[in-house]
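Hello,

Here is the structure we spoke about, for you to look over. My notes on it follow below.

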Protein chains: 2
Amino acid sequence: MEQPSALEGAMMLLMGVFNKYAGTDERKDTLSKAEVKTLVEKEFPHFLQLGDKKEVEAMLMELMSQGDQEVDFCQFMCQVATLTIIGKAIFEQLEACPQ
Amino acid sequence: MEQPSALEGAMMLLMGVFNKYAGTDERKDTLSKAEVKTLVEKEFPHFLQLGDKKEVEAMLMELMSQGDQEVDFCQFMCQVATLTIIGKAIFEQLEACPQ
């Protein structure tokens, strides 16, 4: 099989991250609240440094779960897309005016 | 700087892919039709093998541009999220019933 492109590689990485954290309980196709918490703690080390860790973590938890008990892959991808858009804007601002 | 996580790495990869293809003309923050075409040809080698190449390419072009002359990062991320959701469903079907 030919090497995946950078874009296909990123897409497969996202599938892999979701499957890894969703797979820790019997419901393999959704993230429970506990799985969302573990994912946030493990997968957003740099986002968590953008402010008060507890606050950013709570915000990411709220964003990722949208108040739902279970987060499916569609919801996960919507939140990842939102965070990527926010992240790009933050990077561009930091580049535009470095402290 | 600490290594990014898999999720953060995928998010940064997506930013990099967009910037690479959006940066080839004077409008660096949007993808023109020509830039979308190059991105589709170069970044979806495995998607293009899922059917008739010309058809899949036309479908991806239509999906990525949504009929717009210019595609911004938000639109790009929406389409990548959509394609990742579709891609995961395809992989799961292929795993469930390999030919």
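In this predicted model, the residue of chain B that comes closest to the rotation axis is B:Ala10, whose C-alpha lies 2.3 Å from it. The axis in question comes from laying chain B on chain A: a turn of 180° with a shift of 0.0 Å along the axis does this, and the RMSD is 0.0 Å. That is how a two-fold axis relates two copies.

The interface fits into the same account. Of the interface residues of chain B, 100% are also interface residues in chain A, so the two copies meet through the same surface.

Next, the annotation. An unreviewed UniProt entry places "domain: S100/CaBP-9k-type calcium binding subdomain" on residues 7–49 of chain A. In the model, 63% of residues 7–49 of chain A is helix and 5% is strand. The C-alpha atoms at the two ends of this span are 26 Å apart.

Last, the cysteines. How many disulfides does the structure hold over all chains? The count is zero. For A:Cys74, the nearest cysteine sulfur belongs to A:Cys78 and is 6.9 Å away. A disulfide needs the two sulfur atoms within 2.5 Å, so this pair does not count as one. Seen from A:Cys78, the nearest cysteine sulfur is that of A:Cys74, and A:Cys78 is likewise in no disulfide.

Are these two cysteines buried or exposed? A:Cys74 counts as partly exposed because its relative accessibility is 35%. A:Cys78 is also partly exposed, with a relative accessible area of 43%.

Regards

Terms used:
Residues numbered from 1 in each chain as written. Chains lettered and ligands numbered in written order. Predicted model: local features only at pLDDT ≥ 70, side-chain atom pairs only at ≥ 80, totals over all residues. Heavy atoms only, no water. Buried < 20%, exposed > 50% of the residue type's maximum accessible area, 1.4 Å probe, protein only. Least-squares fit on C-alpha atoms with pLDDT ≥ 70 in both. Contact = heavy atoms within 4.5 Å. UniProt positions renumbered as here; feature names shortened; annotations may be inferred. Helix = DSSP H or I, 4+ residues; strand = E, 2+ residues; numbered from the N terminus.
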